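Opening the notebook on this one. I want to go through a few spots and write down what I find.

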Amino acid sequence: MPITGSSLPSRQPVLFLPHGGGPCFFMDWPNTWDKMAAYLRSTQSTLPRKPDAIVVVSGHWEEDIPTITAAPNPSLIYDYFGFPPHTYQLQYPAPGSPELAQSVCNLLHAAGMPCATDDKRGFDHGVFIPFMLAFEKADIPIVELSLLKSMDPAAHIALGAALEPLRAQNVLIIGTGMSYHNLRHFMNGSPATNQAAQEFDTWLEKAVTAPPVKRDTQLVHWAAAPGARICHPREEHLLPLMVAAGAAGQDEGIRTYSDTVLGKALSGFRFG
């Protein structure tokens with residue numbers, strides 16, 4: 001499925017996309033998520049060419065070892081709660097790719113990592129909600145890769161590094177999460193937590209845009225950053241960024257999205 005040839009454009013970049021709050025883009029929530037929605041809708045137009053496939057890591061799937069979806073036609077997992085009934089009827093019929101799942105597993109094995117495939121699991125909302133905007137035709141095969149329950153940032157950077165060769169095969173690697181994810185504070189708009197979000201967002205941009213060796217070191221020690229544990233009491237929504245940074249290799253990062261939502265600073269990033 002991946003294409004090859006010396007006449008092709010450069011390899012695919014790596015993206016870290018914000019996926020919003022639940023099915024937020026498909027609700028009557030005026031102005032709050034509009035800028036993020038516009039950013040997601042612009043995603044495909046920024047790529048060098050249409051990807052042959054996508055490997056995505058979201059903040060909503062954790063396993064003991066890296067696990068890859070291998071269903072040819074994955075279902076959707078409506079893993080959000082308390083939203084309007086119509087948001088549980090959303091559809092995103094993108095195909096899976098058992099072949100790509102095996103390729104991912106082969107790369108992880110080659111890097112000395114155990115892995116597994118799962119031919120039953122579907123796409124969680126950290127995949128289908130942003131992809132309904134970013135890749136609305138649902139015509140690109142997708143496999144989802146789990147996070148590790150260990151929450152080890154260095155292990156997630158290494159996980160991404162093992163996948164870097166896919167980029168030259170016209171496979172797009174995406175992490176979806178949120179650069180701020182403290183649900184208890186997200187809605188209260190308190191100045192103290194807003195300030196912490198801004199401080200962490202400023203630190204995160206500097207870390208991601210640093211030279212790769214320095215970038216990876218800083219991301220490994222993210223919890224020491226200003227406001228880090230206020231913004232991420234648990235880091236599952238930040239770890240997809242670590243995978244993206246690992247897959248970036250020597251490509252430097254840039255911030256491609258910056259916004260304030262409900263008082264909290266948020267960012268999206270691209271490598272390459």
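**Entry 1: a helix residue and its distant partners**

I started with Ala161, which sits in helix H4 (residues 153–163). Note to self: this is a predicted model. Is Ala161 buried or exposed? Neither label fits, because its relative accessibility is 36%, and that counts as partly exposed; buried would need under 20% and exposed over 50%. Next I looked for contacts beyond the neighbours within four places in sequence, and Ala161 has Gly246 and Ala247. I also checked a C-alpha pair: Ala161 and Val243 lie 82 residues apart along the chain, yet their C-alpha atoms are separated by 7.5 Å.

**Entry 2: the core**

Those partners made me look at helix H9 (residues 239–248). The largest nonpolar core has 84 residues, and H9 gives the most to this core, with eight residues. Which members touch the most other members? I got Tyr92, Leu108 and Phe135. I picked Phe135 and listed what it touches, skipping residues up to four places away in sequence: Thr43, Gln44, Leu47, Ile54, Tyr92, Ile140, Leu172 and Ile174. So Tyr92 turns up both in that list and among the residues that touch the most other core members.

**Entry 3: helix pairs**

For two packed helices I note the angle between the axes and the distance between the axes.

First pair: helix H1 (residues 34–41) with helix H3 (residues 125–134). Their axes are 7 Å apart and the angle is about 70°. That falls in the 65 to 115 range, so I put H1 and H3 down as roughly perpendicular to each other. On the H1 side I found Ala37, Leu40 and Arg41, and these meet Pro130, Leu133 and Ala134 of H3. By type, the contact of H1 with H3 has five nonpolar residues, one charged and no polar.

Second pair: helix H6 (residues 191–208) with helix H7 (residues 212–220). The axes cross at roughly 145° and come within 8 Å. H6 puts in Trp203, Leu204, Lys206, Ala207 and Val208, while H7 brings Arg215, Gln218 and Leu219. The split for H6 with H7 is five nonpolar, one polar and two charged.

**Entry 4: a loop serine**

Last stop was Ser97, in the loop between strand S4 (67–69) and helix H2 (98–110). How does Ser97 count, buried or exposed? It counts as buried, because its relative accessibility is 3%. I then checked where the Ser97 side chain goes, and it reaches the backbone nitrogen of Leu100 at 3.0 Å.

Definitions and conventions
Residues are numbered from 1 along each chain as its sequence is written. This is a predicted model: local features need pLDDT of at least 70, side-chain atom pairs count only at pLDDT 80 or more; totals for chains, interfaces and linings use all residues. Side-chain values use heavy atoms; hydrogens and water are left out. Axes are lines fitted to C-alpha atoms, for helices over the stretch in contact, and angles run from 0 to 180 degrees between N-to-C directions. Helices (H or I, at least four residues) and strands (E, at least two) are DSSP runs, numbered from the N terminus. Contact means heavy atoms within 4.5 Å. Ala, Val, Leu, Ile, Met, Phe, Trp, Tyr, Cys and Pro count as nonpolar, Asp, Glu, Lys and Arg as charged, and the others, Gly among them, as polar. A nonpolar core is a set of buried Ala, Val, Leu, Ile, Met, Phe, Trp, Tyr and Cys residues joined through side-chain atoms within 4.5 Å. Buried means under 20% relative accessible area, exposed over 50%, partly exposed in between (1.4 Å probe, protein chains only). A polar contact is a pair of N or O atoms within 3.5 Å; within protein, one must be able to donate a hydrogen and the other to accept it, and residues adjacent in sequence count only if both atoms are side-chain atoms. Angles under 35 degrees count as roughly parallel, over 145 as roughly antiparallel, 65 to 115 as roughly perpendicular and the rest as oblique.
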